[in-house]
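Open the model in your viewer and keep the selection panel at hand. The tour moves from one selection to the next.

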Number of protein chains: 4
Amino acid sequence: MESKQVPSSIKNRALVEKRRDQMIQGAVSLFREKGFHKTTTREIAKASGFSIGTLYEYIRTKEDVLFLVCDSIYEQVNVRMKEVVIASVPGETPLEEAVRAYFHLMDELQEEVIVLYQEVKALPKEAKSYILEKEREMVGMLEEVISHSLPDMPPGKVAVIANNIFVEGQMWGFRRWILQRSFSLEEYIDHQVNVLLYGVSEHQSFTKSKEE
Amino acid sequence: MESKQVPSSIKNRALVEKRRDQMIQGAVSLFREKGFHKTTTREIAKASGFSIGTLYEYIRTKEDVLFLVCDSIYEQVNVRMKEVVIASVPGETPLEEAVRAYFHLMDELQEEVIVLYQEVKALPKEAKSYILEKEREMVGMLEEVISHSLPDMPPGKVAVIANNIFVEGQMWGFRRWILQRSFSLEEYIDHQVNVLLYGVSEHQSFTKSKEE
Amino acid sequence: MESKQVPSSIKNRALVEKRRDQMIQGAVSLFREKGFHKTTTREIAKASGFSIGTLYEYIRTKEDVLFLVCDSIYEQVNVRMKEVVIASVPGETPLEEAVRAYFHLMDELQEEVIVLYQEVKALPKEAKSYILEKEREMVGMLEEVISHSLPDMPPGKVAVIANNIFVEGQMWGFRRWILQRSFSLEEYIDHQVNVLLYGVSEHQSFTKSKEE
Amino acid sequence: MESKQVPSSIKNRALVEKRRDQMIQGAVSLFREKGFHKTTTREIAKASGFSIGTLYEYIRTKEDVLFLVCDSIYEQVNVRMKEVVIASVPGETPLEEAVRAYFHLMDELQEEVIVLYQEVKALPKEAKSYILEKEREMVGMLEEVISHSLPDMPPGKVAVIANNIFVEGQMWGFRRWILQRSFSLEEYIDHQVNVLLYGVSEHQSFTKSKEE
DNA sequence: TATGAATGAGCGTTCATTCAT
DNA sequence: CATGAATGAACGCTCATTCAT
């Protein structure tokens, strides 16, 4: 799915897509390793399997690489999320299923998500808006799932919960240095689902603050 | 509280502390504005009120500035958190109070927290560990508050909830572009507290998944 | 008139000439607009109506294009000048007529002459000599016209005057930013002819320096 | 006379002037040799006697060097011309004296003038206007001398003659490959003065075109 | 202690040229 | 003959760091 946002001087569309895929592949792991700023264009070219000159036939700017990377990751995530959402609808416990699927997805795409998380801010303004729009879309999907399952919930709470799920999913990768030391993925998910469903209420001698 | 992590060639301890305070002050807003990588040492020197030569009398490396900044922010946050925790202990609803206080703190220190969040990864390895240790401390404080209030909760769930609170507090600033458009701080806190206490359960025709 | 100076890998003579004409056409306006150095070979190819690969079938070097352009311009100018010279011989005031015709020619070929003037220096040594030889030819024609009309004039003065005419004609285009703001072409020519014929003498209380 | 047109990051004014003088000195001969475009900033730095980093402490852009060079040359020429003009006023044959002095000046500053002539066009728009303004000034000085000496001459003719003198002076250097092969400086000047004073009229069986 | 001029490795980017198709 | 994707040397410029004063 070649991005029309970034012009290339190569005419052959299929080739552009192929080369950009190589590029994204190469760049993601570099960005993950050392961050966008410490990665040089020459390194990107090398990791992509072509020369610096060739790299610049397919982009205009180093930032274009970042955009391509971010765009591609969100594309993946969104596509996968859609599958999850659709698949979850007929289920008995659609929300829980969707959340579990989302966390699994975040586990799978850890590296990519970390890049996304850390480097979006380095994007030039317009590109950033474009990417953040996609993020909103994703949160939107989660909101839909939630309000589908729980039609009585007020929209504000829906929004906050969707945001929380979204963020906590990302944190599994982003804060792996602390989380993945203590939990397996399944344990983490179980806990998150439990918290999501009941909060703290299970363990409360029933809820002073509410009683007042 | 002069950091012993970063050596200076100046002997006068008090002076070192003073200059570093100037430096941190100047650097934070620059880092917030343009990020660590796009901020030059000259800019830092200028914003600190002294020359580039002087800057390098008090640090060895540009990364030292980042470290100093991160360290100072965490110091602030930790100190403030301790106050909160201590103050909250005798209260009737200690957890809720502590959470509310924490969110207010995160609101107040938004700028600083964003810097922290985005730039820690640029720290050299050792410095990063040092800073992340402080983060663990903070999460630890939240864990303490939780398990104090809810002694029955299993430690795994405590850890996950502490992490969630910690992260969501930061997100108030970090994802302000989406959150602060929809909610006032108080609304956001109310929602988060509600979610924390009850999760989704309030709105459920009581909990298919649990019944099974 | 295909230049033997620049070899081509294409055998078909007629084709070579055709392609080179396209090339020259395209290149002149580009050179005029942005100068030789700031014009890229890709731009030349595009303006010529074929691909970069094809361009290089007809030249060896970017400088070859410049040579071809300069050569072609001088060819045009020389051909036109010859017509002028021949036509002027039978006239009553051959010098004046020739000068007027020359200035009109320079007006017509302004763009080309500016390119010539500004870019010849970028030619590699040998090519430059070749082109400058053509310039000498042109000046030679002017000398002929002059000494034909004024057989008594010593050759040194003839040479200087020929040079002056040559240069002032070019200046009409080259210094258009100052000259064409103050004069129409005819006014300029009238003045130049007047100066050429009488110098300053018309306005002098006859010529101190000569009387001594 | 440090140019305020080009900012420097060095504070010490005297030093800026000194370094820029080195720079101009180094750059002129490089530009003369290979032209502005084929001269690299590293070469300029080297020829100036300092590192590339230092070079860029005193300019922002390669084009700034060109501007500085052009500006300095015109400054020299203008200053020297003013001396000439002033000195010539009380003389008996002020115009001739001024012209002779101007040609001598152009001979002396040959290299510089060639650079000026060939590279002004490479200047960015605003800088070009600034420089061309100085050129107009110079032509203006010549106009003054002429109309002072010959008050009856119509201003149009004055302007054309001033332009001619200005250009022919420059051509002594610019077209040296043809002129300096045939003439010594004094011969060239003598011829030019003669042409200026009498044009072609000395050698004419008195002036068909005028008689009509 | 404080200064700021000097340094040069290294960056992002361009573009003339080649050559397989 | 024509194409255009690929190449990489070379460019202009930046900026963290040093060190003489």
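Contact here means heavy atoms within 4.5 Å. Keep that cut-off in mind for the interfaces. Note too that this is a predicted model.

**Stop 1: chains A and B**

Select chain A and chain B. Of the interface residues of chain B, 100% are also interface residues in chain A, so the copies meet through the same surface. Now superpose them. A turn of 179 degrees, with a shift of 0.0 Å along the axis, lays chain B on chain A with an RMSD of 0.3 Å. The two copies are thus related as by a two-fold rotation axis. To find that axis, select B:Gly199. Of the residues of chain B, B:Gly199 comes closest to the rotation axis, its C-alpha lying at 2.0 Å.

**Stop 2: chains C and D**

Move to chain C and chain D. Each side brings 56 residues to the contact. Together the two chains bury about 5,100 Å², with 59% of it on carbon and sulfur atoms.

Which side chains form a salt bridge here? Select D:Lys38 and C:Glu63: their side chains meet in one, at 3.2 Å from N to O. Chain C and chain D share six salt bridges. Between these chains, 24 residue pairs are in polar contact, both residues at pLDDT 80 or more.

Next, color the helices of chain C. Those that supply at least two residues each to the side touching chain D include α1 (13-38), α7 (125-149) and α8 (155-174). Which of them gives the most? Pick α8(C), with 12 residues. By type, this side of chain C divides into 25 nonpolar, 15 polar and 16 charged residues.

**Stop 3: DNA strand E**

Show DNA strand E with its surroundings. There are 44 residues around the strand, and the closest are A:Tyr56, B:Tyr58, D:Arg19, D:Arg42 and D:Tyr58. Sugar and phosphate make up 59% of the strand's atoms that come within 4 Å of the protein.

Zoom in on three polar pairs.

- A:Arg42: an N or O atom of the side chain is 3.0 Å from a base nitrogen of DNA strand E.
- B:Arg19: an N or O atom of the side chain is 2.9 Å from a phosphate oxygen of the strand.
- D:Lys11: a polar backbone atom is 3.1 Å from a phosphate oxygen of the strand.

Zoom out to the helices. Among the elements giving two or more residues to the surface near DNA strand E are α2 (41-48) of chain A and α1 (13-38) of chain B. That surface divides into 14 nonpolar, 18 polar and 12 charged residues.

Notes:
Residues are numbered from 1 along each chain as its sequence is written. Chains are lettered from A and ligands numbered from 1 in the order in which they are written. This is a predicted model: local features need pLDDT of at least 70, side-chain atom pairs count only at pLDDT 80 or more; totals for chains, interfaces and linings use all residues. Side-chain values use heavy atoms; hydrogens and water are left out. Buried area is the accessible area (1.4 Å probe) that two parts lose on being put together, summed over both. A salt bridge is a side-chain nitrogen of Lys or Arg within 4 Å of a carboxyl oxygen of Asp or Glu. A polar contact is a pair of N or O atoms within 3.5 Å; within protein, one must be able to donate a hydrogen and the other to accept it, and residues adjacent in sequence count only if both atoms are side-chain atoms. Helices (H or I, at least four residues) and strands (E, at least two) are DSSP runs, numbered from the N terminus. Ala, Val, Leu, Ile, Met, Phe, Trp, Tyr, Cys and Pro count as nonpolar, Asp, Glu, Lys and Arg as charged, and the others, Gly among them, as polar. A residue is near a molecule or strand if one of its heavy atoms lies within 4 Å of it. Copies are superposed by least squares on the C-alpha atoms of residues with pLDDT of at least 70 in both.
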